[in-house]
Amino acid sequence: MLEIKILTAYPEIFPGALGHSILGKALEEKKWSLDIVNLHDFGIDERKNIDDEPFGGGPGMVIRADVVENALLSIDYPKDLKRLLIYLTPSGRPLKQSNLLEFIEFNQLIILCGRFEGVDARVIDSLGFKEISIGDYVLAGGEVAAQVLVEGCVRLLPGVLGRSESILEESFSKNLLEYPQYTKPHKWEKKEVPDLLLSGDHAKIKHWRLTQSEDITRRRRPDLWEKYKKNK
Ligand code: SAM
């Protein structure tokens, strides 16, 4: 079972999206587990502060290294457990589908959500947090980013999706974006579904979908298109 532990200053944001639909069902079925660690439980002094002003000046506050360390030490870590520490930050490496496949090979993912101006860099380095960004924009905190990462991971776990072959065909597998999908009604607002999809000819449908995928990827994502051509 994949254990997910979230370190956050806002525990009430969880489980959020993670408690619904296929993820919520998989949580009930114990295909994965979710524990939330409240950074405020490890705050300093009688005011239980978790943050302080940045050395060198500047706006905002920074989450303290000792608070993060103590929160992490509160989590059980049996020696045989394969554990990965992740800190979500806009300055991390951009998250890719291939990373999610690597992450689910671990038994325990510890995910640190930043707030304010972020987290003291010393604790990130010395405890070996992998720094991950979910995109080139800045959010107010790491909680929504954590839900993005966890949702992406959990749907890849065996038995979570109804039809596991959908993982093999979807966007980013083989560096392609997915082909367009259609359903009923056959005719909508004078627009018809491509005839070929109604032909029952599976080989032709497969070929049509591949050419659509290639076309969309070439136009929208030249970076992926170059990788696809190289591996083709
Ligand atoms: N001062 C930071 C900077 O300029 O890079 C931004 C801090 S942001 C306001 C507060 C927290 O939100 C971060 O510590 C991080 O945990 C989270 N966050 C914001 N944008 C993110 C992104 N694109 N990916 C992952 N986490 C993000």
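**Close-up views of a parallel sheet**

**View 1. Helix α5 lies across five strands of the predicted model.** Helix α5 covers residues 143–154. The strands it lies across are β1 (2–8), β2, β5, β6 (108–113) and β7. Against β6, helix α5 runs at about 160°. The model is a prediction.

**View 2. Five strands form an open sheet with parallel pairing.** The strand order is β2-β1-β6-β5-β7. β2 (32–38) and β7 (130–133) stand at the edges. Each of these two has a single partner strand, so one side of each is left without a neighbour in the sheet. On average, neighbouring strands of this sheet are turned by 30° against each other, direction ignored. Strands of a sheet pair through backbone hydrogen bonds, in a parallel or an antiparallel sense.

**View 3. β1 and β6 pair in the parallel sense.** Five bridges link these two strands. One residue pair to look for is K5 with its bridge partner I110 in β6.

**View 4. β5 and β6 pair in the parallel sense.** Six bridges hold this pairing. L85 stands opposite I110 of β6. I110 is also the bridge partner of K5. Helix α3 (residues 97–103) joins the picture here: β5, α3 and β6 make a β-α-β unit. The unit is right-handed.

**View 5. β5 runs parallel to the edge strand β7.** β5 spans residues 83–94. Five bridges join β5 to β7. Two residue pairs can be picked out. I86 has K130 in β7 as its bridge partner. P94 stands opposite S133 in β7.

**View 6. β6 is largely enclosed by the rest of the structure.** How many of the six residues of β6 are buried? Six of the six are, so the strand is largely enclosed. Here buried means under 20% relative accessible area. In a regular strand, side chains alternate between the two faces of the sheet. In β6, Q108, I110 and L112 point one way. L109, I111 and C113 point the other way. Residues of both sets are buried. In the sheet order, β6 stands between β1 and β5.

Key
Residues numbered from 1 in each chain as written. Predicted model: local features only at pLDDT ≥ 70, side-chain atom pairs only at ≥ 80, totals over all residues. Heavy atoms only, no water. Pairing = 2+ DSSP bridges. Helix = DSSP H or I, 4+ residues; strand = E, 2+ residues; numbered from the N terminus. Axes fitted to C-alpha atoms, helices over the stretch in contact; angles between N-to-C directions. Contact = heavy atoms within 4.5 Å. Right-handed = clockwise from strand over helix to strand, strands pointing away. Buried < 20%, exposed > 50% of the residue type's maximum accessible area, 1.4 Å probe, protein only.
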